[in-house]
Number of protein chains: 2
Amino acid sequence: MTKEKLSIIKIGGNIIENDPSLSSFLKLFSKVEGKKILVHGGGKRATAMASKLGIVSKMVDGRRITDAETLEVITMVYGGLVNKNIVAQLQALRIDAIGLTGADINSIQSDKRPVKEIDFGFVGDVKEVASNSIEKLIQANFTPVFSAITHDGNGQLLNTNADTIASQVAIGMSKIYETSIYYCFELNGVLRDIKDKNSVVKHINAKTYQTLLNTGIIANGMLPKLENCFDALKNGVSKVNMGNTSMLTKENDNFTSITL
Amino acid sequence: MTKEKLSIIKIGGNIIENDPSLSSFLKLFSKVEGKKILVHGGGKRATAMASKLGIVSKMVDGRRITDAETLEVITMVYGGLVNKNIVAQLQALRIDAIGLTGADINSIQSDKRPVKEIDFGFVGDVKEVASNSIEKLIQANFTPVFSAITHDGNGQLLNTNADTIASQVAIGMSKIYETSIYYCFELNGVLRDIKDKNSVVKHINAKTYQTLLNTGIIANGMLPKLENCFDALKNGVSKVNMGNTSMLTKENDNFTSITL
C-alpha cells in the first residue's frame, strides 16, 4: 500500500529574523500541498532578548551553553513569541496551525546531554518521537508547528537543535507517511563552488555523495548537515531537500535533493 | 441523553507566582477525575519581565494598557514560559497536556476592544470558541492548557482576561459536555464576613444571590466575578465553583458553589 505524503519543512534563523521574510515564507508554506509540519528555531531573537535581559551568552568551542536563565529566554522566545506569532499568521492564511514544543502531547522526549568535556546545560538529544500522538493532530486536520524545545518527561524543558527536531520528527512519522524534509536556509542548495551561488548540485545520492566528499566539494559546515540527511534517509525518510524557501514552489527546481 | 462531565479549572496569578504552590496545584489538578481543561494567566511574572526589559506598565483607571511591547512580553511569559513549564510538569504527572493560545487550532477568536474613552491596546473580547476543534483534542485524550491569549483571525494576538477565557470556553463546551467551572483564588470562597476567612457562603443560586446583593454581602471586587458566573450559568454551564485549590479534592467542601 502506498503511504500518503507528509512534508516536514524547517526554517532557519535568517527567515525568522525579520517580519517581511517570515511573512512571505508563511505564504509559501500555506500553499504547500498535502499534509505538512513546520519546524523553527528562534536564532538571533533569543540572543537579542538574552542580551536585553543582561544574560551573557556562554560559548564553549563556538557552541552555546544553555544555563537555566538561557533556557527561560529560549522558552519565552521560541515557545512563546516566535511560535505563537507564526500560528496566528498561519490562521490568517487559513492553515489550522497548532504550536508545539516536545512537551506538548509528549511529542518529543529527549535525554539531557551527558556532561563529558563540556557541560552544555539544558540541552536535549532526542530519544523518542510520539508519532501516534502527532498523527492524531494531523488526522484532525491541524498543522503542527514545532519550536526547538523538547522535554525529558520529568518536567524539565530542554533546548534542542531545530535541524535534529525536523529529522527526528520525519523519521518518526515515516512509519505512517512517505516523508520528505525541506531544509530552508540561506544558500540555494549544496554548491559545487562556494563562490558561485548558482552552482547548485541538484541531486545527491549515497554514491555521488562519496565523490563529492572525495573531491572536497562537501566539507566543513556542510558535512554534518549532509551526515544528518543520510541518517534520516537510512531511517525511513524518502527524500531530503536543501535550498532557499522558493524550493517550496513548483517554479524553482534549483535546489539540492538527496536520496539514498 | 446525559452529557459527560467536563471541568474547566482556572488558576490565578497567586498560584503561578511561586514554584512550590504551582507544583502542588498541578498535583491536585492531575488527580481531578474525568475530562478537564486548565486555564491560566501569568500575573506578576509578566509585570516583572516587563520591568526587567525597561517597559513601563501603563495603567488607566487601574487597568493595564497592552501596547505592542507589553503584548510581546505577555506572549513570551504566558504563552511560552508559564504555559510550557506547566505542560512539562503535567507530562511528568502523566497528564497528556497540550498548551494552547486562542490562535492554536483557532480555538478562541476575539475582537480587539474598540477604542472609546480608553484605548486598551491589544486586548481581545472573546467572539467565538471553536468547541468542535477543542473537542478533537479532548477526544484524543489530550488535556488542553489555555494561556490568557487569543487572536483576531487576521494574524494579531490579543491579551485576554483569563476568567473570561475560562467562562467562554466552558460556555462553548456546554454544547457537548455538562460543564463545571472551578475558579481557584486566594479566598476560601464568597465570604459572609470579609474579615472571617471561614465564613464561606457554600451555595448561591439566582434567588439567594439577590438576598446577598441586597444585604451588601456581595459588593465591589466580588460583584463582577459573580455577574460573570451567572452569565456562564445562563449560557449552558451547569455549575461554577469558587474557592482555594483544595476545593479540587473531595476532603474540602468549604467553598462556594453557584447554580441558577
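**Exercise 1. The two domains of chain A**

How many residues of domain 1 of chain A are in contact with how many residues of domain 2 of chain A? Work out as well which parts of domain 1 of chain A do the touching.

*Solution.* Keep in mind that this is a predicted model.

Step 1: get the bounds. The domain assignment puts domain 1 of chain A at 5-184 and domain 2 of chain A at 188-260. Taken over C-alpha atoms, their centres lie 22 Å apart.

Step 2: count the contacts. On the domain 1 side of chain A there are 17 residues, and they are in contact with 16 residues of domain 2 of chain A.

Step 3: sort the domain 1 side by element. Two or more residues each come from α2 (19-31), α6 (162-173) and β11 (178-184) of chain A. The top contributor is β11(A), with seven residues.

Step 4: sort that side by class. You should find eleven nonpolar, four polar and two charged residues on the side of domain 1 of chain A that touches domain 2 of chain A.

**Exercise 2. A helix pair, α6(A) and α8(A)**

Take α6(A) and helix α8 (residues 222-234) of chain A, and find the angle at which they pack. Are they roughly parallel or roughly antiparallel to each other?

*Solution.* Step 1: look at the axes. They are 9 Å apart, and the packing angle is about 15°.

Step 2: name the arrangement. Angles under 35 degrees count as roughly parallel, so α6(A) and α8(A) are roughly parallel to each other.

Step 3: add the handedness. The crossing in which α6(A) passes α8(A) is right-handed.

Step 4: pick out the residues. From α6(A) come D163(A), S167(A), A170(A) and I171(A), and they meet N228(A), D231(A) and A232(A) of α8(A). Sorted by class, the residues of this contact are three nonpolar, two polar and two charged.

**Exercise 3. A helix pair found in both chains**

Now go to helix α3 (residues 44-52) and helix α4 (residues 68-92) of chain A, and describe how their axes cross. Then do it again for α3(B) and α4(B).

*Solution.* Step 1: chain A. The axes of α3(A) and α4(A) come within 9 Å and cross at roughly 130°. That angle makes α3(A) oblique to α4(A). As for handedness, the crossing of α3(A) and α4(A) is right-handed.

Step 2: list who meets whom. R45(A), A46(A), M49(A) and A50(A) of α3(A) face a set in α4(A) made up of T70(A), V73(A), I74(A), V77(A), Y78(A) and V82(A). Classed by type, this contact has eight nonpolar residues, one polar and one charged.

Step 3: chain B. Here the axes of α3(B) and α4(B) come within 9 Å, with a crossing of roughly 130°, which makes α3(B) oblique to α4(B). α3(B) passes α4(B) in a right-handed crossing. Among the residues making the contact are M49(B) of α3(B) and V77(B) of α4(B). The class tally for the contact of α3(B) with α4(B) is eight nonpolar, one polar and one charged.

**Exercise 4. Chain A against chain B**

Find the operation that lays chain B on chain A, then describe the side of chain B that touches chain A.

*Solution.* Step 1: superpose. A turn of 180° with a shift of 0.0 Å along the axis lays chain B on chain A, at an RMSD of 0.0 Å. That is the relation of a two-fold axis. In chain B, G80(B) has the C-alpha nearest the axis, 1.8 Å from it.

Step 2: count the interface. 34 residues of chain B are in contact with 34 residues of chain A.

Step 3: assign elements. On the side of chain B that touches chain A, α4 (68-92), β5 (97-100) and β9 (149-151) of chain B supply at least two residues each. α4(B) gives the most, with 14 residues.

Step 4: assign classes. The side of chain B that touches chain A splits into 14 nonpolar, 14 polar and six charged residues.

Step 5: compare the two sides. 100% of the interface residues of chain B are also interface residues in chain A, so the copies meet through the same surface.

Definitions and conventions
Residues are numbered from 1 along each chain as its sequence is written. Chains are lettered from A and ligands numbered from 1 in the order in which they are written. This is a predicted model: local features need pLDDT of at least 70, side-chain atom pairs count only at pLDDT 80 or more; totals for chains, interfaces and linings use all residues. Two residues are in contact if their C-beta atoms, placed from the backbone, lie within 7 Å. Helices (H or I, at least four residues) and strands (E, at least two) are DSSP runs, numbered from the N terminus. Ala, Val, Leu, Ile, Met, Phe, Trp, Tyr, Cys and Pro count as nonpolar, Asp, Glu, Lys and Arg as charged, and the others, Gly among them, as polar. Domain bounds come from an automatic or database domain assignment. Axes are lines fitted to C-alpha atoms, for helices over the stretch in contact, and angles run from 0 to 180 degrees between N-to-C directions. Angles under 35 degrees count as roughly parallel, over 145 as roughly antiparallel, 65 to 115 as roughly perpendicular and the rest as oblique. A crossing is left-handed if the near helix is turned anticlockwise from the far one by less than a right angle, and right-handed if clockwise. Copies are superposed by least squares on the C-alpha atoms of residues with pLDDT of at least 70 in both.
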